[in-house]
Amino acid sequence: MKLVFAGTPEVAVPALDALLASGRHEVAAVVTRPDAPAGRGRRLVASPVAEPAKPRDPEFLDRLRAIAPDCCPVVAYGALLPRVALDIPAHGWVNLHFSLLPAWRGAAPVQHSIMAGDEITGASTFLIEEGLDSGPVYGTVTEEIRPTDTSGDLLTRLAFAGAGLLAATMDGIEDGTLKAVPQPADGITLAPKITVEDARVDWAAPALRVDRVVRGCTPAPGAWTTFRGERLKLVQVAVVPERTDLAPGRLSVGKNNVYVGTGSHAVELLWVQAQGKKPMRAADWARGVRIADGETVGEAAGA
């Protein structure tokens, strides 16, 4: 088939590479979202994929009609597609989504699956409709969520597993052996974008919840709390079931360990990042700020 690939972030690259390497289909064009500001200087940075385009622009639609693709595979494109664009390719737009649909429809399926404590997730290919990730599904792959997985770890594995799934889906559509199956009406969960406020750790929550929030929000937007009125990013923590003596948010510092109380048992801070600093081991951070007995993080600190 003649394909037009649409994708924007780094996780889209493995799928594009797989389609280019398959030798079975022609990737006639690649589209991505326009350059976006990034970094402290908010300078415009090009997406990792290709030439930017807005799907509602008449020039884009005219060019897409001229290419006349058979199908448009999509990975994390990040822009809504109007009906007029959806109707151009003969086999529609087929999205690679990083969840087992209908679970976790939306922008942040991997983060939400970790934060919810799911043990299994995966990736799905489906035919894009105007609804939110609601179209019929062509195929899925499953992936175990490991106890220490961050959303970055899991997304990287899913990007490569999903690349093979998307290439196989294109093959099945071409030879007519693959038919999309409507999603079931039950089991729908939503995965909206994780905001900075969502990533704020609630120390009154159980330790397992704290751990899941930290892992689900790593690397972005980054879990955080406050210490002495300033934001402290939490890069990595570990659950410590044997420590039940600390009140929520209460710090306990040993020679090489930093513990924080939660709503159940303690967590150990392993890596943190203070404002304006690089990530560092929590024990080194604690020595540098000279934590006093009884100090706290989060709401208990009056922040």
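The legends below describe close-up views of side-chain contacts and surface features in a predicted model.

**View 1. A salt bridge between D175 and R24 ties helix α5 to the loop between α1 and β2.** The closest N and O atoms of D175 and R24 are 3.3 Å apart, and the two side chains form a salt bridge. Because D175 belongs to helix α5 (residues 151–175), whereas R24 belongs to the loop between α1 (13–22) and β2 (26–31), the pair ties together parts that are 151 residues apart in sequence. Both partners are partly exposed, D175 with a relative accessible area of 41% and R24 with a relative accessible area of 39%.

**View 2. E143 and R157 meet in a salt bridge.** Here the N to O distance is 2.7 Å, and since E143 lies in strand β8 and R157 in helix α5, the contact ties together parts that are 14 residues apart in sequence. Both residues count as buried, E143 with a relative accessible area of 16% and R157 at 17% relative accessibility.

**View 3. R228 and E295 form a salt bridge.** The side chains of R228 and E295 meet with an N to O distance of 2.8 Å. R228 is found in the loop between β9 (224–227) and β10 (230–240), and E295 in the segment after α7 (282–289), so this pair ties together parts that are 67 residues apart in sequence. The two partners are covered to unlike degrees, for R228 is partly exposed, with a relative accessible area of 45%, while E295 is buried, with a relative accessible area of 19%.

**View 4. R24, D171, E174 and D175 belong to one salt-bridge network.** These four residues are joined by salt bridges that share partners, and the pair of D175 and R24 is one of the salt bridges in the model. The count for the structure comes to 13 salt bridges.

**View 5. The cysteines C72 and C71 do not form a disulfide.** The closest cysteine sulfur to that of C72 is in C71, at 6.5 Å, which is too far for a bond, because a disulfide requires sulfur atoms within 2.5 Å. C72 counts as buried, at 0% relative accessibility, and C217 likewise counts as buried, at 0% relative accessibility. The number of disulfides in the model comes to zero.

**View 6. The rings of F227 and W285 make an edge-to-face pair.** The structure holds one aromatic pair, in which the ring centres of F227 and W285 are 5.1 Å apart and the planes stand at 70°, so the arrangement is edge-to-face. As F227 lies in strand β9 and W285 in helix α7, the two rings tie together parts that are 58 residues apart in sequence. F227 and W285 are both buried.

**View 7. Arginine side chains lie over the aromatic faces of W224 and Y259.** R231 is placed over the face of W224, at 3.9 Å from the ring centre. In the other contact, R243 is placed over the face of Y259, at 4.8 Å from the ring centre.

**View 8. L132, I188 and L190 form a nonpolar patch on the surface.** Together, the three residues of this patch have about 280 Å² of accessible area. Of these residues, L132 is located in the loop between β7 (120–127) and β8 (137–144).

Definitions and conventions. Residues numbered from 1 in each chain as written. Predicted model: local features only at pLDDT ≥ 70, side-chain atom pairs only at ≥ 80, totals over all residues. Heavy atoms only, no water. Patch = residues over 30% accessible without salt bridge, like charges linked within 9 Å, V, L, I, M, F, W, Y side chains within 5 Å. Areas by Shrake-Rupley, 256 points an atom, 1.4 Å probe, with all protein chains shown as cover. Helix = DSSP H or I, 4+ residues; strand = E, 2+ residues; numbered from the N terminus. Buried < 20%, exposed > 50% of the residue type's maximum accessible area, 1.4 Å probe, protein only. Phe/Tyr/Trp six-rings, centres within 6.5 Å; stacked < 30°, edge-to-face > 60°. Lys NZ or Arg CZ within 6 Å of the ring centre and 35° of its normal.
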